[in-house]
Every structure is written in C-alpha cells, then in structure tokens.
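I opened this model to look up how its helices are covered and where the backbone takes less common turns. My entries follow in the order in which I looked.

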Amino acid sequence: MAQVSLRKLVKRFDDTEAVRGIDLDIADKEFVVLVGPSGCGKTTTLRMIAGLEEVSGGEIAVDGEVVNDVPPKDRDMAMVFQNYALYPHMTVFENMSFGLRLKRYPKDEIARRVNEAARILDIAELLGRKPRQLSGGQRQRVAMGRAIVRNPKVFLFDEPLSNLDAKLRVQMRTEIKRVHQKVRTTTVDVTHDQVEAMTLADRVVVMNRGRIEQIGPPNELYHAPRTRFVAGFIGSPAMNFLPCRLEEANGALRVRLSQDIALPVPPTRAERYRAHVGRDGLTFGLRPEHLPEDRGNGGAHAGAIDAVIEVAEPLGMETLIFFRINEVEVCGRVSPTAGAREGARLRLCAGLDNMHLIDEASGHVI
Ligand SMILES: Nc1ncnc2c1ncn2[C@@H]1O[C@H](COP(=O)(O)OP(=O)(O)OP(=O)(O)O)[C@@H](O)[C@H]1O
Ligand SMILES: [Mg+2]
C-alpha cells in the first residue's frame, strides 16, 4: 500500500534548477514512467523520492505523510539503478538475501522471500550460481529480485534496462510488466526510451527541462498530445512538422502546406480551428503512420500528396519513405508492396483525422 504525492517539488544544484516545481499524484499500485530527454530531471526527481537527494522546495508525501525529512532507509522504497552492481563473490541467493540478512531477518523468512521472488522472476534454478555465470538479462533479474525480496512500499527504477542489448531489453520489459502484475507494488520508472514508457506505464509523465509537459495514459499522449514537445517526443519515427496556413473556402477549411498542397480539414475539427484561418505561426503535425500510400479509398484523393521519394528504408513489414515539402523533410510509412524506390513518385494519402495544429508561439496544440 503506497500512494506517493509530489507537491511543487524543486531541486536546485548551485546555478542549475534541475527540477522546477513538479506536481504529481501516484496512486497505490500504479506504474508510472517518467520519460524525457537527457538532463530533464528524471533521475533527480527519483532520487528525491528515494531520499537520496535533499529537496530544495516543495513536498514529497507517502500515504499522506510528508517524508521530506525521513532518511532513505526509513522510507521503505527499493531503488534499482542503471548500473546495478551484484556482489561477484556471492551466489544469486546470497545477493538477493543480502539486505534481509543485514536486517537480521529469520533464516526461514529470508528463504521464503528469496524463493518467492525467484519464482516470480523465473530464476529459481540459478540461485546457486555466481553473477559471472549469468547472462545480462539474468543478472538484471537478480537485481530486480533484490528489490522484490524487501517487499517495499514503492519500487523506483532508474533506467534499469539501458545496459541491455535491444532484444534483451524487449524481453526484460515484458518481464517487468509481468512482475508488476504479480506484486502490484507502486512503481516509478525512469527512462528516456519512449517505447519503454508507452509499453510499461499505466500513466506516462513527459518531462522537459525540469517541468512536466503532460501526464496521461500512453494512448492519450499518442493521440492527444497537448504540446509540440510531447507530439514530437512520443511516437517513432517522430511526427512530421510543417509550417502551414489555414484557408477557408465555401465554409470548409483547408491546411495549405505549399503552393500545390492544400489538404481538407475534417469538418469535426472546423469549429476548433476556424479562429486561426489566415494567421501566421501555425504548424501542421502528422505522424508517418498517418501518411501511407494512397490506396484509392481516400475519397476523391481527399488528402493526396504526391511525393518524390528521396530515401526508401524497407523494414520488412513496412517501408519508411522520406521526401520533401518545401525543403522540409517528411517521413511516410508505406506498404512494402507500394513500389517505393529512390527517385520514384508515389501518391500518399494524408489521414487528416489524425492531424494536429500547433501554435508555434506557445508550443501548444490547438
Ligand atoms: N549533483 C549534481 N550537481 C549539479 N548538477 C546536477 C547534479 N545532478 C544533476 N545535475 C543537473 O541536473 C539536471 C538534471 O539531471 P538528471 O540527472 O536528473 O537528468 P536525467 O533526466 O536523469 O537525464 P539522463 O536521461 O541523462 O539520465 C542536469 O542538467 C544535470 O546536469
Ligand atoms: Mg538519469
């Protein structure tokens, strides 16, 4: 049982303000992921929650009790770092039980907890081995096991997967999700990998320069980003951004991207956008996956864009294509059978139901 609240949390290091007033309520049993570019304050936030870093302002509360002055060992939280170090001379069992032995837990209680954690992590047959006899992913699980046996109120993970190769990372991601489904401990995970954030989180917290840009379930961040930063950060390949103008003709709106390209805005959005007709400083945003080849079902070439392909990257299940609109590089995702080749012309169909309009001055999605 643990509910964690951050209130106007601030951290200053000499002249840098690493965390600039964060408000976040983490529910009991929730899995929250802090994601953002390098240096945005993720680790600092996590370390403040753990008590490893003093707060410069604001409050941290656990189950309603302010813990600002509670030392780390009394917060009942277990942190797993990116560079988790296992004791090389100890077996897996000894590594996992080390903390409990220090606290003089009874032997049978230690054995019960270690065996239970090993079962959850599927490393029961490795308990007698030394770390050097384990693969990277198995070592990672032992590090998680050390946290699990403590049965803490909160798990804090700081990029626990970033040292693993791509395949193992995907495996361990699933592993972490499975563990959380079993133990249901409130978890705060930190990553700069947006795919990890999306796949693991109940809610994702997107951070940028010490502030929170947006908090929401993964699908909400993907479909309804509130700022240009979130729109560009979530999703891979990243959303395309193009300067645009809104035009009105016979009551219908169009987004003009170039002399030749003006795409029809869906009537459902007309109300929201109408006040911005004709003004400067607008950016059109569309994800590559909403820019596939025209399959003739777009209705009178509704959002047709004729692309001259500069680069084609076949990925097997799809092909990424890169072309230009007014000098700006744009990425589309087409079927491997669409005939995408360097230099070829291809008609694409822009899925305007998924478009975004951004006010450049404020960085907000309209
Ligand atoms: N002990 C420190 N002294 C001074 N500045 C620090 C200290 N720790 C962190 N910072 C600064 O605070 C800011 C946030 O750092 P933090 O480690 O929280 O970033 P992060 O989001 O975890 O980044 P990364 O993805 O690279 O791990 C950075 O500008 C960093 O240089
Ligand atoms: Mg960090």
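Entry 1, helix H5. I began with the cover of H5, and I found that its buried residues are covered by elements including strand S3 (31-35), helix H3 (107-121), helix H4 (136-149), strand S7 (154-158), strand S8 (186-191) and helix H6 (194-200). For my own record, helices (H or I, at least four residues) and strands (E, at least two) are DSSP runs numbered from the N terminus, contact means heavy atoms within 4.5 Å, and buried means under 20% relative accessible area, exposed over 50% and partly exposed in between, with a 1.4 Å probe and protein chains only.

I then listed the buried residues of H5, which are Leu168, Met172, Arg173, Glu175, Ile176, Val179 and His180. Seen down the helix axis, these buried residues fall within an arc of 170°, so they line one face of H5; the arc is that of the directions from the helix axis to the C-beta atoms. An α-helix has 3.6 residues a turn, so residues three or four places apart point the same way. On the face of H5 turned away from the buried side I noted the exposed residues Ala166 and Lys167.

I also checked the length of H5: its 18 residues (166-183) should span 26 Å at 1.5 Å a residue, and the end C-alpha atoms are 26 Å apart, which agrees. The expected span is 1.5 Å times one less than the number of residues. Just after H5, I found Arg184 with a positive phi of about 60°.

Entry 2, basis of the values. I kept in mind that this is a predicted model, in which local features need pLDDT of at least 70 and side-chain atom pairs count only at pLDDT 80 or more, while totals for chains, interfaces and linings use all residues. Residues are numbered from 1 along each chain as its sequence is written, chains are lettered from A and ligands numbered from 1 in the order in which they are written, and side-chain values use heavy atoms, with hydrogens and water left out.

Entry 3, helix H2. In H2 (residues 92-102) I noted Val92, Asn95, Met96, Ser97 and Leu100 as buried, and these buried residues pack against H3 and H4. Arg104, just after H2, takes a positive phi of about 60°.

Entry 4, loops. Most residues other than glycine have a negative phi, and most peptide bonds are trans. Which positive-phi residue did I find in the loop between S7 and H5? Glu159 lies there, with phi near 45°, and at 9% relative accessibility Glu159 counts as buried. Asp14, in the loop between strand S1 (4-13) and strand S2 (16-26), also has a phi near 45°, but at 82% relative accessibility Asp14 counts as exposed.

In the loop between helix H8 (228-233) and strand S11 (240-249) I found Pro237, which a cis peptide bond with omega of about -5° joins to Ser236. Ser258 sits in the loop between strand S12 (252-256) and strand S13 (262-264) and is buried, with a relative accessible area of 10%. Leaving aside residues up to four places away in sequence, Ser258 touches Ile325 and Asn326.

Entry 5, whole chain. I closed with the totals: the chain has nine helices and 21 strands, and 49% of its 366 residues are buried. Its C-alpha atoms fill a box of roughly 80 × 45 × 35 Å along the principal axes.
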